[in-house]
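The exercises below ask you to read a protein fold step by step. Work through each task with the structure in view before you turn to its solution.

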Amino acid sequence: MRVSIVMAVYNAERYINECIQSIKEQTFPHFEVVIVNDGSTDRTSEILSSIDDSRFRIVDNNHDYIASLNKGLNLATGEYIANQIV
């Protein structure tokens, strides 16, 4: 994998669909997306579980933003890492 996009998200239901769609529309094909659900209490978990794209990896973490980012970074396999803030 060339690029890993790492996102820690918390209660992001308002923006997560648009963010996911934007990533999917990229023309560069060699990427993965690691999304760490940082203990969301809104519909974020439901939205993330509906993603049907093998380039997206969804993991859960307790509500701790820095720990969630570190978890995502540890799971990333790309040569380059981009951090997406939602």
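Helices, of at least four residues, and strands, of at least two, are taken here as DSSP runs and are numbered from the N terminus. The model is a predicted one.

**Exercise 1.** Determine how many helices and strands the protein has, and in which order the elements run from the N terminus on.

*Solution.* Begin by counting the elements, which gives three helices and four strands. Then follow the chain from the N terminus on, and the elements appear in the order β-α-β-α-β-α-β. As a last step, turn to the overall dimensions: the radius of gyration is 12 Å, close to the 12 Å that the globule rule gives for 86 residues, so the protein is as compact as a globular protein of that length. Along the principal axes, the C-alpha atoms fill a box of roughly 30 × 25 × 20 Å.

**Exercise 2.** Work out the order of the strands in the sheet, and explain why β3 and β4 each have one side without a neighbour.

*Solution.* First, read across the open sheet, where the four strands lie in the order β3-β2-β1-β4 with parallel pairing. Next, look at the edges, where β3 (56-60) and β4 (80-83) stand; each has a single partner strand, and therefore one side of each is left without a neighbour in the sheet. From one strand to the next, the twist averages 20°. Then take one pair in detail: β1 (residues 3-9) and β2 (residues 31-37) are joined in the parallel sense over seven bridges, and Ala8 has Val36 as its bridge partner in β2.

**Exercise 3.** Find which strands helices α1 and α3 lie across, and at what angle each helix runs to β1.

*Solution.* Start with α1 (residues 16-24), which lies across β1, β2 and β3 and runs at about 180° to β1. Continue with α3, which lies across β1, β2, β3 and β4, its direction being at about 160° to β1.

**Exercise 4.** Decide whether Ser68 is buried or exposed, and name the residues that Ser68 touches beyond four places away in sequence.

*Solution.* Locate Ser68 first, in helix α3, which spans residues 65-75. Then apply the cut-off for a buried residue, which is under 20% relative accessible area; Ser68 counts as buried because its relative accessibility is 0%. Finally, leaving out residues up to four places away in sequence, list the contacts of Ser68, which are Ala8, Val36, Asp38, Asn61 and Asn62. Among these contacts are Ala8 and Val36, the bridge partners met in Exercise 2. For the protein as a whole, buried residues make up 37% of the 86 residues.

Notes
Residues numbered from 1 in each chain as written. Predicted model: local features only at pLDDT ≥ 70, side-chain atom pairs only at ≥ 80, totals over all residues. Heavy atoms only, no water. Buried < 20%, exposed > 50% of the residue type's maximum accessible area, 1.4 Å probe, protein only. Contact = heavy atoms within 4.5 Å. Pairing = 2+ DSSP bridges. Axes fitted to C-alpha atoms, helices over the stretch in contact; angles between N-to-C directions. Rg over C-alpha atoms; globule rule 2.2 N^0.38 Å.
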